[in-house]
Amino acid sequence: MPTRDELLRELRRRVQLPAAEHAALLREVRGDLEGMVALLELQGHARAEARARALAALAPSEEALAALAQVHRPLYRRLTAGVAQGRLRLAEVSAVVAMAVLAALAPVVPLVQGGRLPPLPAGTLSVCAGLLLANMGWYAFRGFVRRDADVEDLERGGRTQAGLVGLALSAGSLALAVHVWQVAGAWQRGPGSSGPEALRLVAEASTATAFMLGVAILGVFGALALLQGIMVARDIERELGELVESLNPREGRR
Amino acid sequence: MTQQPNLSKHVNELLILATLRSGPAHGYEIALAVERDSEGTFSFQHGTLYPILHRLEKEGLIAGAWHGRGRKRRTYALTSKGEAYLVGETRQVKSLFQDLIRILEGPTHAYA
Amino acid sequence: MWGFFAQMGVIQWPMYVAAIFLVVQIARAAAGTRQGRESSVSTSSVLVWGGLGALLGILGTVVGFSQAAGAIAAASDISPPVIWGGVRVALSTTIFGLMLLTLAVVAWLALQWMRGHPKG
(Lines give C-alpha, C1' and ligand atoms only; values in the text may rest on other atoms or scores of the structure.)
Protein backbone atom coordinates (compact mmCIF):
# COMPACT_ATOMS: atom_id res chain seq x y z
CA MET A 1 0.00 0.00 0.00
CA PRO A 2 1.52 3.38 -0.93
CA THR A 3 2.69 5.53 1.97
CA ARG A 4 1.23 8.95 2.66
CA ASP A 5 4.33 10.62 1.17
CA GLU A 6 4.00 8.53 -2.00
CA LEU A 7 0.31 9.48 -2.33
CA LEU A 8 1.21 13.11 -1.78
CA ARG A 9 3.96 13.01 -4.42
CA GLU A 10 1.60 11.30 -6.87
CA LEU A 11 -1.10 13.90 -6.19
CA ARG A 12 1.35 16.80 -6.61
CA ARG A 13 2.53 15.28 -9.89
CA ARG A 14 -1.04 15.00 -11.20
CA VAL A 15 -2.40 18.25 -9.77
CA GLN A 16 -0.64 21.31 -11.08
CA LEU A 17 -2.15 23.66 -8.50
CA PRO A 18 -0.29 26.03 -6.18
CA ALA A 19 -0.05 24.35 -2.77
CA ALA A 20 -2.47 26.69 -0.97
CA GLU A 21 -5.19 26.26 -3.63
CA HIS A 22 -4.57 22.52 -3.64
CA ALA A 23 -5.09 22.26 0.11
CA ALA A 24 -8.22 24.46 -0.07
CA LEU A 25 -9.67 22.25 -2.83
CA LEU A 26 -9.08 19.04 -0.89
CA ARG A 27 -10.57 20.65 2.23
CA GLU A 28 -13.67 21.59 0.23
CA VAL A 29 -13.98 18.14 -1.35
CA ARG A 30 -13.58 16.40 2.02
CA GLY A 31 -16.24 18.66 3.59
CA ASP A 32 -18.66 18.03 0.71
CA LEU A 33 -18.02 14.27 0.77
CA GLU A 34 -18.78 14.12 4.49
CA GLY A 35 -21.90 16.28 4.03
CA MET A 36 -23.20 14.24 1.10
CA VAL A 37 -22.61 10.90 2.84
CA ALA A 38 -24.40 12.16 5.97
CA LEU A 39 -27.36 13.47 3.92
CA LEU A 40 -27.71 10.25 1.89
CA GLU A 41 -27.58 8.16 5.07
CA LEU A 42 -30.37 10.34 6.52
CA GLN A 43 -32.36 9.61 3.36
CA GLY A 44 -32.04 5.91 4.11
CA HIS A 45 -29.06 4.84 1.98
CA ALA A 46 -26.52 2.40 3.42
CA ARG A 47 -23.16 3.94 4.38
CA ALA A 48 -21.19 2.07 1.70
CA GLU A 49 -23.66 3.07 -1.02
CA ALA A 50 -23.75 6.68 0.22
CA ARG A 51 -19.94 6.86 0.20
CA ALA A 52 -19.74 5.34 -3.30
CA ARG A 53 -22.32 7.81 -4.65
CA ALA A 54 -20.58 10.73 -2.99
CA LEU A 55 -17.17 9.71 -4.39
CA ALA A 56 -18.62 9.20 -7.88
CA ALA A 57 -20.19 12.67 -7.82
CA LEU A 58 -17.52 14.69 -6.08
CA ALA A 59 -14.04 13.10 -6.25
CA PRO A 60 -12.26 15.06 -9.03
CA SER A 61 -11.23 13.12 -12.14
CA GLU A 62 -8.07 13.87 -14.15
CA GLU A 63 -10.18 16.05 -16.44
CA ALA A 64 -11.64 18.00 -13.53
CA LEU A 65 -8.16 18.43 -12.00
CA ALA A 66 -6.82 19.73 -15.32
CA ALA A 67 -9.73 22.19 -15.55
CA LEU A 68 -9.07 23.31 -11.96
CA ALA A 69 -5.38 23.85 -12.76
CA GLN A 70 -6.48 26.12 -15.64
CA VAL A 71 -8.86 28.09 -13.40
CA HIS A 72 -6.22 28.59 -10.68
CA ARG A 73 -3.24 29.15 -12.96
CA PRO A 74 -1.24 32.10 -11.51
CA LEU A 75 -1.54 35.33 -13.51
CA TYR A 76 2.18 35.26 -14.37
CA ARG A 77 1.91 31.79 -15.89
CA ARG A 78 -1.17 32.82 -17.87
CA LEU A 79 0.63 35.84 -19.28
CA THR A 80 3.76 33.83 -20.21
CA ALA A 81 1.97 30.73 -21.51
CA GLY A 82 3.03 31.40 -25.09
CA VAL A 83 6.72 31.88 -24.31
CA ALA A 84 9.23 29.04 -24.77
CA GLN A 85 10.23 27.66 -21.34
CA GLY A 86 13.99 27.88 -21.91
CA ARG A 87 13.85 31.50 -22.99
CA LEU A 88 11.47 32.35 -20.16
CA ARG A 89 13.79 30.84 -17.52
CA LEU A 90 16.74 32.73 -18.97
CA ALA A 91 14.78 35.99 -18.89
CA GLU A 92 13.62 35.35 -15.30
CA VAL A 93 17.12 34.57 -14.00
CA SER A 94 18.61 37.54 -15.89
CA ALA A 95 16.01 39.93 -14.49
CA VAL A 96 16.58 38.76 -10.90
CA VAL A 97 20.38 38.93 -11.27
CA ALA A 98 20.27 42.38 -12.91
CA MET A 99 18.05 43.78 -10.13
CA ALA A 100 20.29 42.25 -7.47
CA VAL A 101 23.46 43.68 -9.05
CA LEU A 102 21.93 47.17 -9.29
CA ALA A 103 20.66 47.02 -5.71
CA ALA A 104 24.07 45.83 -4.45
CA LEU A 105 26.07 48.46 -6.35
CA ALA A 106 23.81 51.39 -5.46
CA PRO A 107 25.17 51.97 -1.92
CA VAL A 108 28.73 50.82 -2.70
CA VAL A 109 29.68 53.07 -5.62
CA PRO A 110 29.20 56.39 -3.76
CA LEU A 111 31.14 55.03 -0.75
CA VAL A 112 34.09 53.94 -2.93
CA GLN A 113 34.07 57.16 -4.96
CA GLY A 114 34.00 59.17 -1.72
CA GLY A 115 37.08 57.30 -0.52
CA ARG A 116 35.26 55.96 2.54
CA LEU A 117 35.34 52.31 1.47
CA PRO A 118 38.47 50.63 0.05
CA PRO A 119 37.95 48.87 -3.30
CA LEU A 120 38.87 45.30 -2.21
CA PRO A 121 36.36 44.96 0.65
CA ALA A 122 33.84 47.00 -1.41
CA GLY A 123 34.07 44.64 -4.38
CA THR A 124 33.92 41.53 -2.22
CA LEU A 125 30.95 42.73 -0.20
CA SER A 126 29.15 43.91 -3.36
CA VAL A 127 29.43 40.43 -4.79
CA CYS A 128 28.16 38.88 -1.53
CA ALA A 129 25.29 41.40 -1.27
CA GLY A 130 24.38 40.75 -4.92
CA LEU A 131 24.30 36.99 -4.33
CA LEU A 132 22.17 37.42 -1.20
CA LEU A 133 19.70 39.73 -2.97
CA ALA A 134 19.58 37.41 -5.99
CA ASN A 135 18.81 34.39 -3.78
CA MET A 136 16.11 36.29 -1.84
CA GLY A 137 14.69 37.74 -5.06
CA TRP A 138 14.61 34.36 -6.82
CA TYR A 139 12.70 32.57 -4.07
CA ALA A 140 10.35 35.52 -3.55
CA PHE A 141 9.64 35.42 -7.31
CA ARG A 142 9.04 31.67 -7.25
CA GLY A 143 6.90 31.85 -4.12
CA PHE A 144 4.72 34.88 -4.91
CA VAL A 145 4.77 35.32 -8.69
CA ARG A 146 5.39 31.95 -10.32
CA ARG A 147 3.87 30.16 -7.27
CA ASP A 148 5.67 26.88 -7.88
CA ALA A 149 8.03 26.74 -4.89
CA ASP A 150 7.40 23.75 -2.60
CA VAL A 151 8.84 23.01 0.85
CA GLU A 152 12.01 21.43 -0.53
CA ASP A 153 12.69 24.40 -2.80
CA LEU A 154 12.23 26.87 0.05
CA GLU A 155 14.42 24.82 2.41
CA ARG A 156 17.15 24.77 -0.23
CA GLY A 157 16.77 28.56 -0.57
CA GLY A 158 17.02 28.97 3.20
CA ARG A 159 20.21 26.90 3.41
CA THR A 160 21.73 28.87 0.53
CA GLN A 161 20.77 32.11 2.26
CA ALA A 162 22.47 31.01 5.49
CA GLY A 163 25.54 30.00 3.52
CA LEU A 164 25.67 33.34 1.73
CA VAL A 165 25.45 35.21 5.06
CA GLY A 166 28.44 33.15 6.18
CA LEU A 167 30.21 33.95 2.92
CA ALA A 168 29.58 37.69 3.38
CA LEU A 169 31.09 37.56 6.87
CA SER A 170 34.08 35.39 6.00
CA ALA A 171 34.93 36.86 2.59
CA GLY A 172 34.22 40.41 3.83
CA SER A 173 36.49 39.91 6.84
CA LEU A 174 39.15 38.35 4.62
CA ALA A 175 39.06 41.25 2.16
CA LEU A 176 39.32 43.76 4.99
CA ALA A 177 42.19 41.87 6.63
CA VAL A 178 44.06 41.72 3.30
CA HIS A 179 43.48 45.45 2.76
CA VAL A 180 44.87 46.31 6.21
CA TRP A 181 47.77 43.91 5.63
CA GLN A 182 48.59 45.61 2.29
CA VAL A 183 48.43 49.09 3.80
CA ALA A 184 50.60 47.96 6.74
CA GLY A 185 53.10 46.57 4.24
CA ALA A 186 53.25 49.87 2.37
CA TRP A 187 53.75 51.77 5.63
CA GLN A 188 56.38 49.30 6.79
CA ARG A 189 58.42 49.72 3.60
CA GLY A 190 57.67 53.36 2.89
CA PRO A 191 58.06 56.55 4.80
CA GLY A 192 55.69 55.30 7.49
CA SER A 193 52.22 56.42 8.47
CA SER A 194 51.17 59.72 9.91
CA GLY A 195 48.49 60.10 12.52
CA PRO A 196 45.80 61.26 10.05
CA GLU A 197 46.61 58.38 7.69
CA ALA A 198 46.32 55.85 10.48
CA LEU A 199 43.02 57.36 11.50
CA ARG A 200 41.90 57.18 7.87
CA LEU A 201 42.70 53.45 7.87
CA VAL A 202 40.65 53.02 11.05
CA ALA A 203 37.75 54.92 9.43
CA GLU A 204 37.96 52.75 6.28
CA ALA A 205 38.07 49.59 8.37
CA SER A 206 35.07 50.75 10.39
CA THR A 207 33.06 51.58 7.27
CA ALA A 208 33.94 48.23 5.72
CA THR A 209 32.98 46.39 8.91
CA ALA A 210 29.71 48.30 9.16
CA PHE A 211 28.92 47.54 5.50
CA MET A 212 29.76 43.87 6.04
CA LEU A 213 27.51 43.67 9.10
CA GLY A 214 24.77 45.48 7.15
CA VAL A 215 24.99 42.93 4.35
CA ALA A 216 24.93 40.08 6.87
CA ILE A 217 21.89 41.56 8.67
CA LEU A 218 20.11 41.99 5.30
CA GLY A 219 20.87 38.34 4.63
CA VAL A 220 19.54 37.28 8.01
CA PHE A 221 16.27 39.16 7.37
CA GLY A 222 15.99 37.34 4.06
CA ALA A 223 16.64 34.04 5.83
CA LEU A 224 13.90 34.84 8.37
CA ALA A 225 11.45 35.63 5.53
CA LEU A 226 12.33 32.33 3.84
CA LEU A 227 11.94 30.54 7.17
CA GLN A 228 8.45 32.01 7.50
CA GLY A 229 7.65 30.75 3.98
CA ILE A 230 9.03 27.32 4.88
CA MET A 231 6.83 27.12 8.00
CA VAL A 232 3.71 28.09 6.01
CA ALA A 233 4.58 25.61 3.24
CA ARG A 234 5.22 22.82 5.81
CA ASP A 235 1.82 23.49 7.41
CA ILE A 236 0.15 23.25 4.00
CA GLU A 237 2.09 20.05 3.22
CA ARG A 238 1.03 18.51 6.52
CA GLU A 239 -2.59 19.45 5.88
CA LEU A 240 -2.37 18.08 2.33
CA GLY A 241 -1.01 14.82 3.74
CA GLU A 242 -3.84 14.53 6.27
CA LEU A 243 -6.44 15.36 3.62
CA VAL A 244 -4.97 12.81 1.19
CA GLU A 245 -5.07 10.14 3.90
CA SER A 246 -8.64 10.94 4.81
CA LEU A 247 -9.76 10.81 1.17
CA ASN A 248 -7.77 7.65 0.35
CA PRO A 249 -7.82 5.57 3.53
CA ARG A 250 -7.19 2.20 1.86
CA GLU A 251 -7.06 3.07 -1.84
CA GLY A 252 -3.89 2.83 -3.84
CA ARG A 253 -3.21 4.69 -7.06
CA ARG A 254 -6.21 5.75 -9.10
CA MET B 1 -23.88 35.27 -39.39
CA THR B 2 -24.33 35.49 -35.59
CA GLN B 3 -21.94 33.60 -33.28
CA GLN B 4 -23.25 30.16 -32.24
CA PRO B 5 -23.66 29.97 -28.45
CA ASN B 6 -21.70 27.25 -26.66
CA LEU B 7 -24.64 25.42 -25.06
CA SER B 8 -22.70 22.75 -23.22
CA LYS B 9 -20.53 25.33 -21.52
CA HIS B 10 -23.51 27.38 -20.45
CA VAL B 11 -25.85 24.63 -19.27
CA ASN B 12 -23.74 23.55 -16.26
CA GLU B 13 -23.09 27.15 -15.23
CA LEU B 14 -26.77 28.09 -15.48
CA LEU B 15 -27.84 25.00 -13.53
CA ILE B 16 -25.55 26.01 -10.66
CA LEU B 17 -26.62 29.67 -10.74
CA ALA B 18 -30.29 28.73 -10.85
CA THR B 19 -29.87 26.38 -7.87
CA LEU B 20 -28.21 29.13 -5.85
CA ARG B 21 -31.14 31.46 -6.51
CA SER B 22 -32.97 29.76 -3.63
CA GLY B 23 -30.11 30.54 -1.23
CA PRO B 24 -26.48 29.69 -0.33
CA ALA B 25 -25.51 26.03 -0.59
CA HIS B 26 -22.57 23.66 -0.21
CA GLY B 27 -21.12 22.05 -3.34
CA TYR B 28 -22.72 18.67 -2.61
CA GLU B 29 -26.11 20.34 -2.02
CA ILE B 30 -25.87 21.98 -5.46
CA ALA B 31 -25.02 18.61 -7.05
CA LEU B 32 -27.94 16.84 -5.32
CA ALA B 33 -30.41 19.69 -6.06
CA VAL B 34 -29.59 19.72 -9.79
CA GLU B 35 -30.04 15.96 -10.01
CA ARG B 36 -33.30 16.06 -8.02
CA ASP B 37 -34.85 19.07 -9.80
CA SER B 38 -34.03 17.71 -13.27
CA GLU B 39 -35.22 14.21 -12.22
CA GLY B 40 -31.84 12.77 -13.18
CA THR B 41 -31.56 14.47 -16.60
CA PHE B 42 -28.61 16.52 -15.43
CA SER B 43 -26.05 15.41 -12.86
CA PHE B 44 -22.50 16.33 -11.89
CA GLN B 45 -20.03 13.44 -11.78
CA HIS B 46 -16.31 13.00 -11.15
CA GLY B 47 -15.89 16.35 -9.46
CA THR B 48 -16.72 18.36 -12.60
CA LEU B 49 -18.71 20.64 -10.31
CA TYR B 50 -15.59 22.18 -8.77
CA PRO B 51 -13.87 23.75 -11.79
CA ILE B 52 -17.20 25.39 -12.70
CA LEU B 53 -17.81 26.65 -9.15
CA HIS B 54 -14.29 28.05 -8.90
CA ARG B 55 -14.51 29.71 -12.30
CA LEU B 56 -17.87 31.30 -11.48
CA GLU B 57 -16.37 32.55 -8.23
CA LYS B 58 -13.38 34.07 -10.02
CA GLU B 59 -15.75 35.81 -12.45
CA GLY B 60 -17.71 37.26 -9.52
CA LEU B 61 -20.97 35.51 -10.37
CA ILE B 62 -21.00 33.60 -7.07
CA ALA B 63 -19.26 34.21 -3.74
CA GLY B 64 -17.67 31.42 -1.72
CA ALA B 65 -17.14 31.43 2.05
CA TRP B 66 -15.89 28.99 4.69
CA HIS B 67 -18.26 28.20 7.53
CA GLY B 68 -18.27 26.23 10.71
CA ARG B 69 -15.87 25.56 13.57
CA GLY B 70 -13.07 23.04 13.44
CA ARG B 71 -13.58 21.34 10.06
CA LYS B 72 -14.87 24.22 7.94
CA ARG B 73 -17.08 23.71 4.88
CA ARG B 74 -17.44 25.91 1.85
CA THR B 75 -20.73 27.45 0.79
CA TYR B 76 -21.54 29.45 -2.30
CA ALA B 77 -24.06 32.24 -2.77
CA LEU B 78 -25.35 34.02 -5.86
CA THR B 79 -24.11 37.59 -6.27
CA SER B 80 -26.10 40.42 -7.86
CA LYS B 81 -23.80 40.17 -10.88
CA GLY B 82 -24.61 36.46 -11.05
CA GLU B 83 -28.34 37.17 -10.76
CA ALA B 84 -28.19 39.62 -13.67
CA TYR B 85 -26.10 37.18 -15.72
CA LEU B 86 -28.59 34.38 -15.03
CA VAL B 87 -31.55 36.50 -16.13
CA GLY B 88 -29.80 37.52 -19.38
CA GLU B 89 -28.56 34.02 -20.22
CA THR B 90 -31.93 32.42 -19.41
CA ARG B 91 -33.55 34.76 -21.93
CA GLN B 92 -30.94 33.83 -24.54
CA VAL B 93 -31.26 30.08 -23.95
CA LYS B 94 -35.08 30.37 -24.09
CA SER B 95 -34.88 32.17 -27.43
CA LEU B 96 -32.36 29.61 -28.72
CA PHE B 97 -34.54 26.66 -27.79
CA GLN B 98 -37.64 28.33 -29.25
CA ASP B 99 -35.81 28.68 -32.59
CA LEU B 100 -34.58 25.09 -32.35
CA ILE B 101 -38.05 23.66 -31.61
CA ARG B 102 -39.53 25.71 -34.44
CA ILE B 103 -37.05 24.15 -36.87
CA LEU B 104 -37.49 20.62 -35.47
CA GLU B 105 -41.29 20.76 -35.63
CA GLY B 106 -41.00 21.79 -39.31
CA PRO B 107 -42.63 24.57 -41.38
CA THR B 108 -46.44 24.79 -41.45
CA HIS B 109 -46.42 25.19 -45.23
CA ALA B 110 -44.99 22.83 -47.85
CA TYR B 111 -42.53 23.89 -50.54
CA ALA B 112 -43.89 23.96 -54.01
CA MET C 1 54.71 33.60 -0.87
CA TRP C 2 56.60 31.26 1.43
CA GLY C 3 57.57 34.31 3.49
CA PHE C 4 53.86 34.94 4.15
CA PHE C 5 53.46 31.46 5.65
CA ALA C 6 56.81 31.42 7.41
CA GLN C 7 55.98 34.50 9.48
CA MET C 8 52.85 32.90 10.97
CA GLY C 9 54.72 31.29 13.83
CA VAL C 10 53.87 28.07 15.62
CA ILE C 11 50.10 28.42 15.05
CA GLN C 12 50.64 27.65 11.36
CA TRP C 13 51.06 23.90 12.03
CA PRO C 14 47.57 23.20 13.42
CA MET C 15 46.22 25.47 10.66
CA TYR C 16 47.91 23.30 8.00
CA VAL C 17 46.30 20.23 9.63
CA ALA C 18 42.90 21.96 9.52
CA ALA C 19 43.51 22.89 5.85
CA ILE C 20 44.34 19.29 4.92
CA PHE C 21 41.28 17.93 6.73
CA LEU C 22 39.14 20.61 5.07
CA VAL C 23 40.30 19.72 1.56
CA VAL C 24 39.89 15.98 2.22
CA GLN C 25 36.39 16.51 3.66
CA ILE C 26 35.36 18.64 0.65
CA ALA C 27 36.55 15.91 -1.73
CA ARG C 28 34.72 13.18 0.25
CA ALA C 29 31.49 15.16 0.48
CA ALA C 30 31.62 16.02 -3.24
CA ALA C 31 32.21 12.38 -4.21
CA GLY C 32 29.40 11.24 -1.91
CA THR C 33 26.98 13.86 -3.27
CA ARG C 34 27.79 12.90 -6.86
CA GLN C 35 27.10 9.26 -6.10
CA GLY C 36 23.83 10.13 -4.36
CA ARG C 37 25.21 9.13 -0.95
CA GLU C 38 25.17 12.67 0.42
CA SER C 39 25.18 13.03 4.17
CA SER C 40 24.33 16.26 5.96
CA VAL C 41 26.95 15.38 8.60
CA SER C 42 29.74 15.15 6.03
CA THR C 43 28.61 18.39 4.37
CA SER C 44 28.39 20.23 7.69
CA SER C 45 31.82 19.02 8.78
CA VAL C 46 33.27 21.07 5.88
CA LEU C 47 32.01 24.16 7.72
CA VAL C 48 33.38 22.86 11.01
CA TRP C 49 36.92 22.52 9.63
CA GLY C 50 36.67 25.94 7.99
CA GLY C 51 35.43 27.47 11.24
CA LEU C 52 38.26 25.82 13.14
CA GLY C 53 40.76 27.29 10.68
CA ALA C 54 39.29 30.77 11.21
CA LEU C 55 39.36 30.42 14.99
CA LEU C 56 42.98 29.26 14.91
CA GLY C 57 43.78 32.24 12.70
CA ILE C 58 42.18 34.71 15.11
CA LEU C 59 43.99 33.01 18.00
CA GLY C 60 47.27 33.40 16.10
CA THR C 61 46.57 37.09 15.54
CA VAL C 62 45.78 37.75 19.19
CA VAL C 63 48.91 35.90 20.30
CA GLY C 64 50.91 37.67 17.61
CA PHE C 65 49.70 41.12 18.68
CA SER C 66 50.51 40.28 22.28
CA GLN C 67 54.02 39.08 21.41
CA ALA C 68 54.65 42.03 19.10
CA ALA C 69 53.50 44.52 21.73
CA GLY C 70 55.73 42.85 24.31
CA ALA C 71 58.77 42.86 22.00
CA ILE C 72 58.23 46.49 21.03
CA ALA C 73 57.89 47.54 24.67
CA ALA C 74 61.00 45.55 25.64
CA ALA C 75 63.06 47.09 22.84
CA SER C 76 61.56 50.52 23.49
CA ASP C 77 61.24 50.83 19.70
CA ILE C 78 57.89 52.25 18.72
CA SER C 79 58.79 53.41 15.24
CA PRO C 80 55.97 52.98 12.68
CA PRO C 81 57.85 50.42 10.50
CA VAL C 82 58.28 48.17 13.55
CA ILE C 83 54.65 48.55 14.59
CA TRP C 84 53.24 47.94 11.12
CA GLY C 85 55.58 45.05 10.62
CA GLY C 86 54.15 43.49 13.77
CA VAL C 87 50.60 44.15 12.55
CA ARG C 88 51.33 42.39 9.25
CA VAL C 89 52.81 39.36 11.00
CA ALA C 90 49.84 39.13 13.37
CA LEU C 91 47.29 39.57 10.60
CA SER C 92 48.78 36.84 8.42
CA THR C 93 47.25 34.01 10.52
CA THR C 94 43.85 35.70 10.44
CA ILE C 95 44.09 36.02 6.68
CA PHE C 96 45.00 32.34 6.29
CA GLY C 97 42.21 31.30 8.69
CA LEU C 98 39.66 33.41 6.83
CA MET C 99 40.84 31.93 3.53
CA LEU C 100 40.09 28.47 4.95
CA LEU C 101 36.67 29.59 6.21
CA THR C 102 35.78 31.27 2.89
CA LEU C 103 36.86 28.13 1.01
CA ALA C 104 34.71 26.03 3.36
CA VAL C 105 31.63 28.25 2.84
CA VAL C 106 32.05 28.30 -0.96
CA ALA C 107 32.48 24.50 -0.97
CA TRP C 108 29.38 24.08 1.24
CA LEU C 109 27.33 26.27 -1.12
CA ALA C 110 28.62 24.24 -4.08
CA LEU C 111 27.69 20.97 -2.32
CA GLN C 112 24.19 22.35 -1.61
CA TRP C 113 23.85 23.23 -5.29
CA MET C 114 25.01 19.72 -6.29
CA ARG C 115 22.38 18.21 -3.96
CA GLY C 116 19.66 20.30 -5.59
CA HIS C 117 20.82 19.51 -9.13
CA PRO C 118 21.72 15.81 -9.17
CA LYS C 119 23.39 14.42 -12.28
CA GLY C 120 21.15 12.57 -14.74
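**Exercise 1. The contact of chains A and B**

How many residues does the contact take from chain A and from chain B?

Before starting, note that this is a predicted model, in which local features need pLDDT of at least 70, side-chain atom pairs count only at pLDDT 80 or more, and totals for chains, interfaces and linings use all residues. Residues are numbered from 1 along each chain as its sequence is written, chains are lettered from A and ligands numbered from 1 in the order in which they are written, and side-chain values use heavy atoms, with hydrogens and water left out.

*Solution.*
- Step 1: Apply the contact rule, heavy atoms within 4.5 Å. Chain A gives 26 residues and chain B gives 22 residues.
- Step 2: Turn to buried area, the accessible area (1.4 Å probe) that two parts lose on being put together, summed over both. Chains A and B bury about 2100 Å² between them, and carbon and sulfur atoms give 60% of that.
- Step 3: Look at the chain A side. A:E28, A:D32 and A:V71 supply 26% of the area that chain A buries against chain B, more than any other three residues.
- Step 4: Look for salt bridges (a side-chain nitrogen of Lys or Arg within 4 Å of a carboxyl oxygen of Asp or Glu). The interface of chain A and chain B has two salt bridges. One of the pairs is A:R53 with B:E35, whose closest N and O atoms are 4.0 Å apart.

**Exercise 2. A helix pair across chains A and B**

Work out how helix 4 of chain A and helix 3 of chain B are arranged.

*Solution.*
- Step 1: Find the helices, which are DSSP runs (H or I, at least four residues; strands are E, at least two) numbered from the N terminus. The pair is residues 62-71 of chain A and residues 49-58 of chain B.
- Step 2: Take the angle and the distance. Axes are lines fitted to C-alpha atoms, for helices over the stretch in contact, and angles run from 0 to 180 degrees between N-to-C directions. Here the angle is about 15 degrees, and the axes are 8 Å apart.
- Step 3: Classify the angle: under 35 degrees is roughly parallel, over 145 roughly antiparallel, 65 to 115 roughly perpendicular and the rest oblique. Helix 4 of chain A and helix 3 of chain B are therefore roughly parallel.
- Step 4: Name the residues that meet. From helix 4 of chain A come A:A64, A:A67, A:L68 and A:V71, and from helix 3 of chain B come B:Y50, B:P51, B:H54, B:R55 and B:K58.

**Exercise 3. Where chain C fits in**

Which chain does chain C touch, and with how many residues?

*Solution.*
- Step 1: Count the contacts. Chain C places 22 residues in contact with 25 residues of chain A.
- Step 2: Add the area. Chain C and chain A bury about 1900 Å², with 75% from carbon and sulfur atoms. On the chain C side, C:W84, C:R88 and C:I95 lose the most area to chain A, together 33% of what that side buries.
- Step 3: Check for salt bridges. Between chain C and chain A there are zero.
- Step 4: Try chain B. No contact joins chain B and chain C, and their closest C-alpha atoms lie 34 Å apart.
- Step 5: Look at the helices. Helix 8 of chain A and helix 4 (residues 80-116) of chain C pack at about 160 degrees, with axes 8 Å apart. That makes helix 8 of chain A roughly antiparallel to helix 4 of chain C.
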